Amino acid sequence: NNQDLQAAVARIEEAEAQSTVASAPLYPTLSANGNASRTRTGPNADGNSGSGKALVRRSYQGTVNASYQVDVFGANRAAANAAEQRVISSRFDADTVALTINGDVATTYLQVLATRDRVRLANEDLQNSLRNLTILEQKRGAGWVSDLEVAQQRSTAASQRAAIASL
């Protein structure tokens, strides 16, 4: 059903996110920080009017850090590869779910077609049985067949009518 397919797609997205996280240690880490400040000193620093000049000092700082962990024993690469294989596996699982759904739809469609054919054939059999019943009743009127044969044909027609209802 569609919920199974949606769940499979969600598992693919989850595996892709985990793969991204698992491959992160393979790349360098960069960080940057910045800071700016302004300081005012002098006669007007506290808001009072004075006769001297105020001193304004501006300060800017910035840092950039870069780091990289060498994957000497291949643990990070192995974790990234395993995560990528989980992504591939999740995609195959989603394909399997989609194929299963398609197969179920095709099977159901074929069952509907087969049931239609069975109902059509059962209706044709019922019509033939009713024609035979009419013929037998006419023959009974002429004395050519017994009441037992007519009753048997009537029973056959009733059985066929009941069988159609159960289809």
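## Helix packing around a long central stretch of sequence

Ser 19 has a relative accessible area of 10% and is therefore buried, the cut-off being under 20%. The model is a predicted one. Ser 19 lies in helix 1, and, apart from neighbours within four places in sequence, Ser 19 is in contact with Ala 83, Glu 84 and Val 87.

**The three helices**

The table lists the helices with their end-to-end spans, taken between the first and last C-alpha atoms.

| Helix | Number of residues | C-alpha span | Expected span at 1.5 Å a residue |
|---|---|---|---|
| Helix 1 | 22 residues | 32 Å | 32 Å |
| Helix 2 | 68 residues | 99 Å | 100 Å |
| Helix 3 | 20 residues | 29 Å | 28 Å |

For helix 2, the distance of 99 Å between the end C-alpha atoms agrees with the 100 Å that its 68 residues should span. The spans of helix 1 and helix 3 are likewise close to what is expected. Helix 2 covers residues 75-142, and Gly 143, which follows helix 2, has a positive phi near 85°.

**Helix 1 against helix 2**

Helix 1 comprises residues 2-23, and its axis comes within 8 Å of the axis of helix 2, with a crossing angle of roughly 170°. Angles over 145 degrees count as roughly antiparallel, and helix 1 and helix 2 are therefore roughly antiparallel to each other. The residues of this contact comprise 13 nonpolar, five polar and six charged ones.

Which residues of helix 1 are buried? They are Ala 8, Ile 12, Ala 15, Ser 19, Ala 22 and Ser 23. These buried residues cover an arc of only 95° around the axis, so they are on the same side of helix 1. In general, an α-helix has 3.6 residues a turn, so residues three or four places apart point the same way. Helix 2 is included in what covers the buried residues of helix 1. On the face turned away from the buried side, helix 1 carries the exposed residues Asn 2, Gln 3, Gln 6, Glu 13, Thr 20 and Val 21.

From the side of helix 2, Ser 90 gives a local view of the sequence separation involved. Ser 90 is found in helix 2 and counts as buried because its relative accessibility is 13%. Among residues more than four places away in sequence, Ser 90 is in contact with Arg 11, Ile 12 and Ala 15. Ile 12 and Ala 15 are among the buried residues of helix 1. The C-alpha atoms of Ser 90 and Ala 10 are 9.3 Å apart, with the two positions 80 residues apart in sequence numbering.

**Helix 3 against helix 2**

Helix 3 runs over residues 147-166. Its buried residues are Val 150, Gln 153, Ala 157 and Ile 164. Seen down the axis, the buried residues of helix 3 fall within an arc of 65°, so they line one face of the helix. They pack against helix 2. The face of helix 3 turned away from this buried side carries the exposed residues Asp 147, Leu 148, Ala 165 and Ser 166.

How far apart in space are Gln 127 and Ala 157, C-alpha to C-alpha? The distance is 8.5 Å, although Gln 127 and Ala 157 are 30 residues apart in sequence. Gln 127 has its place in helix 2, while Ala 157 is one of the buried residues of helix 3. Gln 127 itself counts as partly exposed because its relative accessibility is 41%.

Definitions and conventions: Residues numbered from 1 in each chain as written. Predicted model: local features only at pLDDT ≥ 70, side-chain atom pairs only at ≥ 80, totals over all residues. Heavy atoms only, no water. Helix = DSSP H or I, 4+ residues; strand = E, 2+ residues; numbered from the N terminus. Buried < 20%, exposed > 50% of the residue type's maximum accessible area, 1.4 Å probe, protein only. Contact = heavy atoms within 4.5 Å. Axes fitted to C-alpha atoms, helices over the stretch in contact; angles between N-to-C directions. Parallel < 35°, antiparallel > 145°, perpendicular 65-115°, else oblique. Nonpolar A, V, L, I, M, F, W, Y, C, P; charged D, E, K, R; others polar. Expected span 1.5 Å × (residues − 1). Arc of directions from axis to C-beta.
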